[in-house]
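Let's look at this one together, with a few questions about rings and packing. Have the sequence and the 3D view ready.

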Amino acid sequence: DTIRAAALIEVAKNHPSVAAEAVYMAAEGYFEAAQLDEAEAAFTRVRSEYPDSPFVGKATEGLGYVAE
């Protein structure tokens, strides 16, 4: 999952049209791999860098899971 997450972060850098989704999916990958600091950073990035994205709600929920 961490390899997939890292690859998705690279996708976000090179493809702005899918960046929010890629970062969100990376955050999920980090969470599934129990890399909670990385997951938190990626979920937070979705909220701060892509505030109009439909993934903001899911990222906020993800932050709640990280906090648990």
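The turns below go from aromatic pairs to the nonpolar core.

This is a predicted model, in which local features need pLDDT of at least 70 and side-chain atom pairs count only at pLDDT 80 or more, while totals for chains, interfaces and linings use all residues. Residues are numbered from 1 along each chain as its sequence is written, and side-chain values use heavy atoms, leaving out hydrogens and water.

Q: How many aromatic pairs are there?
A: Rings of Phe, Tyr and Trp (its six-membered ring) pair if their centres lie within 6.5 Å; planes under 30 degrees apart are stacked, over 60 edge-to-face, and the rest tilted. By this rule the count is three.

Q: Which helices does the pair of F31 and Y65 tie together?
A: The rings of F31 and Y65 are tilted, at 6.4 Å centre to centre with 50° between the planes. Helices are DSSP runs (H or I, at least four residues), numbered from the N terminus. F31 lies in α2 (residues 19-32) and Y65 in α4 (residues 56-67), so the pair joins parts 34 residues apart in sequence: α2 and α4.

Q: Which element gives the most to the largest nonpolar core?
A: A nonpolar core is a set of buried (under 20% relative accessible area) Ala, Val, Leu, Ile, Met, Phe, Trp, Tyr and Cys residues joined through side-chain atoms within 4.5 Å. The largest has 21 residues. Elements giving two or more residues to this core are α1 (2-14), α2, α3 (36-49) and α4. With eight residues, the one that gives the most is α2.

Technical notes
Buried means under 20% relative accessible area, exposed over 50%, partly exposed in between (1.4 Å probe, protein chains only).
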